[in-house]
Amino acid sequence: MNVRRDVFQAIVDPTRRAILLLVASQAMTAGAIAANFDTARPTVSKHLQILTECELLEQEQKGREIYYNINAKKMKEVADFIEPFRQMWDDRFNKLESIMKNYKTT
Amino acid sequence: MERKTKINALDDKQEILITREFDLPVELLFKAYIEAEIVEQWMGTKVLKLENKKHGSYQFETSDPKGNVVLKMNGVIHEIISNQKITRTFEMENTPFEVQLEFLQFEKLTDETSKLNMHVIYKSVAVRDQILKLPFAQGINMAHNRLQDILNQKTTNHDN
């Protein structure tokens with residue numbers, strides 16, 4: 001599996017980007033993070049799971065609570081700036097291709 | 001899925017080359033560039049004007065989900081040859097980025113496949129790099145704005 005691409009898929013989602021932004025300033029518990037969103041708690045948990053799986057977030061046990069920290073090293077890797085640009089064009093061209101395939105049949 | 005769209009950007013050059021092969025006859029690929037309602041669909045932008053002729057111009061306008069215009073784009077077509085090439089300028093309005101020059105070359109591979117070469121030239125290497133970074137930066141900005149909205153909302157709720 002291409003781990004690097006998974007990271008980009010992870011940050012494509014606006015809620016997940018918002019979570020990264022939140023956690024960037026301080027480590028937070030899942031509950032504290034969820035309190036910032038209108039989204040249902042299980043949805044936020046799912047986002048946290050994805051972000052943790054692609055190592056953008058790190059978990060840290062503090063007493064009974066698990067805190068989420070941003071993984072600065074991984075974030076820096078993501079900042080390889082051409083990939084999001086390429087992804088943007090790839091999405092557009094994929095769309096173009098599927099739209100024009102319909103033209104073909106009609 | 002394999003990565004079909006390739007970007008070639010050399011470190012110290014003020015240009016990039018975007019290439020992509022399509023499972024489409026070159027005529028359909030070209031059509032996707034000249035029909036306003038099709039451009040709107042795949043570019044995700046509103047087409048205000050699209051004059052497919054030498055010295056013709058075009059204008060795009062992108063809005064956020066609330067309908068606020070977030071970006072206006074425009075350019076002039078220098079040369080257009082059906083199913084072969086479009087040479088045009090492209091500019092994002094109200095941004096610090098100056099106009100760029102785009103050479104779009106449409107290539108027939110087989111009857112059913114085609115290739116697009118998009119050669120883009122920027123004013124400087126610095127401008128090129130900034131524009132390449134936009135999709136990432138915008139993503140973070142959008143997330144930040146949304147977060148700000150949520151936080152503002154929360155504060156208002158507390159006041160009530």
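The legends below describe close-up views of a predicted model with chains A and B.

**View 1. The three-stranded sheet of chain A.**
Strands E1, E3 and E2 of chain A form an open sheet in that order, with antiparallel pairing. Strand E1 (28-29) and strand E2 (57-62) of chain A lie at the edges, each pairing on one side only. Two bridges join E1(A) to strand E3 (residues 65-70) of chain A in the antiparallel sense. Within this part of the sheet, A:Met28 is placed opposite A:Tyr68 of E3(A).

**View 2. Helix H2 of chain A against the sheet.**
Helix H2 of chain A, covering residues 14-25, lies across E1, E2 and E3 of chain A. The helix runs at about 100° to E3(A).

**View 3. The surroundings of A:Leu57.**
A:Leu57 belongs to strand E2 of chain A, one of the two edge strands of the sheet. Is A:Leu57 buried or exposed? A:Leu57 counts as buried because 27 C-beta neighbours lie inside 10 Å, against a threshold of 20 or more. Leaving aside residues up to four places away in sequence, A:Leu57 touches A:Val23, A:Leu48, A:Leu51, A:Thr52, A:Tyr68, A:Asn69, A:Ile70 and A:Asn71. One of these partners, A:Asn69, is twelve residues from A:Leu57 in sequence, and the two C-alpha atoms are 5.5 Å apart. Another partner, A:Tyr68, is the residue of E3(A) that stands opposite A:Met28.

**View 4. Positive phi at A:Glu55.**
A:Glu55 is not a glycine, yet its phi is positive, at about 65°. This residue is in the loop between helix H4 (41-53) and E2 of chain A. With 16 other C-beta atoms within 10 Å, A:Glu55 is partly exposed.

**View 5. Positive phi at B:His55.**
In chain B, a residue other than glycine, B:His55, also has a positive phi, near 70°. Its place is the loop between strand E3 (46-50) and strand E4 (57-63) of chain B. Why does B:His55 count as exposed? The reason is that B:His55 has 10 C-beta neighbours inside 10 Å, and a residue with 12 or fewer is classed as exposed.

**View 6. The side of chain B that touches chain A.**
The contact between the chains involves 29 residues from chain B and 26 residues from chain A. On the side of chain B, the elements giving two or more residues are strand E2 (15-22), helix H1 (26-34), helix H2 (36-43) and helix H3 (125-159). H3(B) supplies the largest share of that side, twelve residues. By residue type, the side of chain B that touches chain A comprises 19 nonpolar, four polar and six charged residues.

**View 7. The fold of chain B.**
Chain B contains three helices and eight strands. Along the sequence these elements follow the pattern β-β-α-α-β-β-β-β-β-β-α. Chain B has 160 residues, of which 17% count as buried. Among its contacts between residues at least 6 apart in sequence, 34% join residues at least 24 apart.

**View 8. Confidence along chain A.**
The mean pLDDT of chain A is 83, and 86% of the residues score at least 70. Where in chain A is confidence lowest, and where is it highest? The lowest mean, 63, falls in helix H1 (residues 3-12) of chain A, whereas E1(A) has the highest, at 94. Over residues 1-5 of chain A, pLDDT stays under 50, and the model has two contacts beyond four places in sequence for this stretch.

Notes
Residues are numbered from 1 along each chain as its sequence is written. Chains are lettered from A and ligands numbered from 1 in the order in which they are written. This is a predicted model: local features need pLDDT of at least 70, side-chain atom pairs count only at pLDDT 80 or more; totals for chains, interfaces and linings use all residues. Two strands pair if DSSP finds at least two bridges between them. Helices (H or I, at least four residues) and strands (E, at least two) are DSSP runs, numbered from the N terminus. Two residues are in contact if their C-beta atoms, placed from the backbone, lie within 7 Å. Axes are lines fitted to C-alpha atoms, for helices over the stretch in contact, and angles run from 0 to 180 degrees between N-to-C directions. Ala, Val, Leu, Ile, Met, Phe, Trp, Tyr, Cys and Pro count as nonpolar, Asp, Glu, Lys and Arg as charged, and the others, Gly among them, as polar. pLDDT is the predictor's confidence in each residue, from 0 to 100.
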